[in-house]
Amino acid sequence: MRKKLVVGNWKMHGSRAANAALLSGLKELGPWSADVAVCVPFPYLAETALALTGQAVGLGAQDCSAFEQGAYTGEVSSAMLADLGCRYVIVGHSERRAYHHESDQLVADKAKAALAHGVTPIVCVGETLAEREAGQTEAVVKRQLAAVIHTLTHCIGEIVLAYEPVWAIGTGLTATPEQAQAVHAVLRKQLHAATQKSDAMRILYGGSVKPDNALQLFAQPDIDGGLIGGAALKAADFAAICRAAH
Ligand code: PGA
């Protein structure tokens, strides 16, 4: 059986004071039977790593460079993330694909760079509302995943995949458990064709996961946990979602 994973994506939120309060709240409310991690803004990685000492909460970042090192002003390498103790890095979040014009290939290259330094990429895929309404959901997520499979080849089994319908992110609209499961099943099948490890791979759902819908989503056979945005900023809500993943 796959162990569930719940990852908080803090996005560009927080401050040293707010983070300390959130992390101490999580410390009081944990531990959980699921694997749990928080993906925090770069400037707070080191301090968060310290705050998480001795806790079973993994540390992650929200992006990494596809390059190894060098003259890439403003970029952060996966070697640096590994150096700071990151276990995970989100790549290909729809906000980066949309606002930073990240292509499927760039996302795949970032995933490869992360794996090269022992950091597990959480690769996000998902369709926009227009794509869903045009009946292109499957084609879009399969195209996004295909680039990663092609680039990582035999290492594809090492990633965590996250299905995040763009129309459900931060909107309060959630895919129904059935809608999400249908896409997760498509993705699992695509992984199955690429690796013998597909049954052991975790596919997270993200998009307005809240304490009151987490249980139903996580009960679906191919949903192995969640990538949580807004609700990850409140210790009580995030803890309740982590509890729902067992
Ligand atoms: P949300 O964000 O939970 O606020 O919808 C999820 C995400 O973007 O990862």
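This briefing describes helix packing, a ligand site and two backbone details in one structure. The model is predicted, and the values below were computed from it. Three helix pairs are covered, beginning with helix H5 (residues 104-116) and helix H7 (residues 137-152), whose axes lie 8 Å apart. The ligand is surrounded by 13 residues, and the backbone details concern a cis peptide bond before Pro-31 and a positive phi at Thr-153.

**Helix H7 and its contacts with H5 and H8**

- Helix H5 packs against helix H7 at an angle of about 45 degrees, which makes H5 oblique to H7, and the crossing of the two is right-handed.
- On the H5 side, this contact is made by Asp-104, Gln-105, Ala-108, Asp-109, Ala-111, Lys-112 and Leu-115, while H7 contributes Arg-143, Gln-144, Ala-147, Val-148, Thr-151 and Leu-152.
- Sorted by class, the contact of H5 with H7 has six nonpolar, three polar and four charged residues.
- H7 also crosses helix H8 (residues 177-194) at roughly 35 degrees, with the two axes coming within 10 Å, and this crossing is right-handed.
- In the contact between H7 and H8, the residues from H7 are Thr-137, Glu-138, Val-141, Lys-142, Leu-145, Ala-146 and Ile-149, and those from H8 are Val-183, Val-186, Leu-187, Gln-190, Leu-191 and Ala-194.
- The residues of the contact of H7 with H8 comprise nine nonpolar, two polar and two charged.

**Helices H1 and H10**

- Helix H1 (residues 16-29) and helix H10 (residues 235-244) cross at roughly 40 degrees, their axes coming within 9 Å, so H1 is oblique to H10.
- The crossing of H1 and H10 is right-handed, and in it Leu-22, Gly-25, Leu-26 and Leu-29 of H1 meet Ala-235, Ala-236, Phe-238 and Ala-239 of H10.
- By class, the contact of H1 with H10 holds seven nonpolar residues, one polar residue and no charged ones.

**The ligand and its surroundings**

- Among the 13 residues that surround the ligand, the closest are Lys-11, His-93, Glu-164, Gly-170 and Ser-208.
- The side chain of His-93 has an N or O atom that is 2.7 Å from an oxygen atom of the ligand.
- For Glu-164, an N or O atom of the side chain is likewise 2.7 Å from a ligand oxygen atom.
- At Gly-170 the atom concerned belongs to the backbone, where a polar atom is 2.7 Å from an oxygen atom of the ligand.

**Backbone details in two loops**

- As background to both details, most residues other than glycine have a negative phi, and most peptide bonds are trans.
- The peptide bond that leads from Gly-30 to Pro-31 is cis, with omega near -5 degrees, and Pro-31 is found in the loop between H1 and strand E2 (35-39).
- Thr-153, although it is not a glycine, has a positive phi of about 40 degrees, and Thr-153 is placed in the loop between H7 and strand E6 (160-163).

Technical notes
Residues numbered from 1 in each chain as written. Predicted model: local features only at pLDDT ≥ 70, side-chain atom pairs only at ≥ 80, totals over all residues. Heavy atoms only, no water. Axes fitted to C-alpha atoms, helices over the stretch in contact; angles between N-to-C directions. Helix = DSSP H or I, 4+ residues; strand = E, 2+ residues; numbered from the N terminus. Parallel < 35°, antiparallel > 145°, perpendicular 65-115°, else oblique. Left-handed = near helix turned anticlockwise from the far one by under 90°. Contact = heavy atoms within 4.5 Å. Nonpolar A, V, L, I, M, F, W, Y, C, P; charged D, E, K, R; others polar. Near = heavy atom within 4 Å. Polar contact = N/O pair within 3.5 Å; in protein donor to acceptor, adjacent residues only side chain to side chain.
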